[in-house]
Each structure stands twice: as structure tokens, then as C-alpha cells.
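Please consider the structure shown below together with its sequence. The explanation proceeds through it step by step.

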Amino acid sequence: MALTSSMEDYLEAVLMVQQKRGYARCVDISHHLSVTMPSVSRAVKGLSKMGCLMKEADGTLFLTEQGKQLAEQIYEKHRFFTERLIAAGVDPKTAERDACNIEHAISAEAFQKLKEAAEH
């Protein structure tokens, strides 16, 4: 089963919240993404079944190795495009929103080529 854009957003959110707070819970993800708790619960169940996420008895969320790898790839794309858009003069809020859309649409090959071109 392939990850949807929404599932990618949840993985990225767990990673970002963990980096900021040291841990992530469903309520933290709900606030971060401005979504309802039932939406988070559904996403957590789906991502758990896919082997990307685990929920401890105390409610703490953990990315599996697979989930962490995917979340880091998504977040890398997000940062890359946000930074480039802001550098091009795009308003930071618009850059964040547009980067989120681009990160889901671009292929791994195209992203790698853009990264390489930007490094030179």
C-alpha cells in the first residue's frame, strides 16, 4: 500500500514534533496539523498497520526505522522547497504551503536532480 499525501503529512508531523519536544502524542499531532483527534487516530492506525509508526501504552508515538526514513525524506523535501521559495521572494507562509504541495508531487529522481543542481 502506497503512502497518501495525508499519511506523509502525519509522518512528517511526528518527526517535527519529536524534534521540537522530544516526544509526540496524538494531541500534539492534532495541534500541529490543525486536525481533529479522530483524524489523527485513523492515521495512526493506518501508519501502524503499514509498519511506519508505533503507539506506546502511554500514548507516545514512535516512528519505526521505515517510518523515520520516510519522514526524514519528506521533511528534507519540505525544507528544500521552502528555503528555495523564500529565497526567490515568496512570502514565508505561502512558501511553506507550496512546499508541502510540491513535496508530495515530485518524484525521488526529480528531487535528487534538483538537489544536485542546487549544490553546484
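The paragraphs below treat the pockets, then two individual residues, and finally the cysteines.

The model is a predicted one. Its largest pocket holds about 260 Å³ of space. Which residues line the largest pocket? The lining consists of Asp9, Glu12, Ala13, Met16, His32, Leu33, Ser34, His78, Glu96, Arg97, Cys100 and Asn101. Helices H1, H2 and H5, the last spanning residues 92-105, each contribute at least two residues to this lining. In chemical character, the lining of the largest pocket is divided into four nonpolar, four polar and four charged residues.

The second largest pocket encloses about 220 Å³ of space. Around this second largest pocket stand Leu3, Glu8, Leu70, Gln73, Ile74, Glu76, Lys77, Glu103, Ala108, Phe111, Gln112 and Lys115. At least two lining residues come from each of helix H4 (65-87) and helix H6 (108-119), and H4 provides the largest share, with five residues. The lining of the second largest pocket comprises five nonpolar, two polar and five charged residues.

Ser34, one of the residues lining the largest pocket, merits separate attention. Ser34 is situated in the loop that runs between helix H2 (26-33) and helix H3 (37-49). Is Ser34 buried or exposed? Its relative accessible area is 67%, and because the threshold for exposure is over 50%, Ser34 is classed as exposed. The backbone of Ser34 has a phi near 55 degrees, a positive value in a residue that is not glycine.

Gln18 belongs to helix H1, which covers residues 5-21. A polar atom of the Gln18 side chain lies 3.0 Å from the backbone oxygen of Leu61. Leaving aside residues up to four places away in sequence, Gln18 is in contact with Tyr23, Ala24, Leu61, Phe62 and Leu63. Leu61 therefore appears both in the list of contacts and in the 3.0 Å pair, since contact requires heavy atoms within 4.5 Å.

The cysteines remain. How many disulfides does a search of the whole structure find? The search finds zero. Cys26 takes part in no disulfide, the nearest cysteine sulfur being that of Cys52 at 15 Å. Likewise, Cys52 is in no disulfide, and the nearest cysteine sulfur to it is that of Cys26, 15 Å away. Because a disulfide requires sulfur atoms within 2.5 Å, a separation of 15 Å does not qualify. Cys26 counts as buried at 5% relative accessibility, and Cys52 is buried with a relative accessible area of 0%.

Definitions and conventions
Residues are numbered from 1 along each chain as its sequence is written. This is a predicted model: local features need pLDDT of at least 70, side-chain atom pairs count only at pLDDT 80 or more; totals for chains, interfaces and linings use all residues. Side-chain values use heavy atoms; hydrogens and water are left out. Helices (H or I, at least four residues) and strands (E, at least two) are DSSP runs, numbered from the N terminus. A polar contact is a pair of N or O atoms within 3.5 Å; within protein, one must be able to donate a hydrogen and the other to accept it, and residues adjacent in sequence count only if both atoms are side-chain atoms. Buried means under 20% relative accessible area, exposed over 50%, partly exposed in between (1.4 Å probe, protein chains only). On a 1 Å grid over the protein atoms alone, a cavity is a set of points where a 1.4 Å probe fits but cannot get out, and a pocket is an open set with protein on both sides within 12 Å along at least five of seven lines; lining residues have an atom within 4 Å of a point. Grid points are joined across faces, edges and corners, and a volume is the space filled by probe spheres set on the points. Ala, Val, Leu, Ile, Met, Phe, Trp, Tyr, Cys and Pro count as nonpolar, Asp, Glu, Lys and Arg as charged, and the others, Gly among them, as polar.
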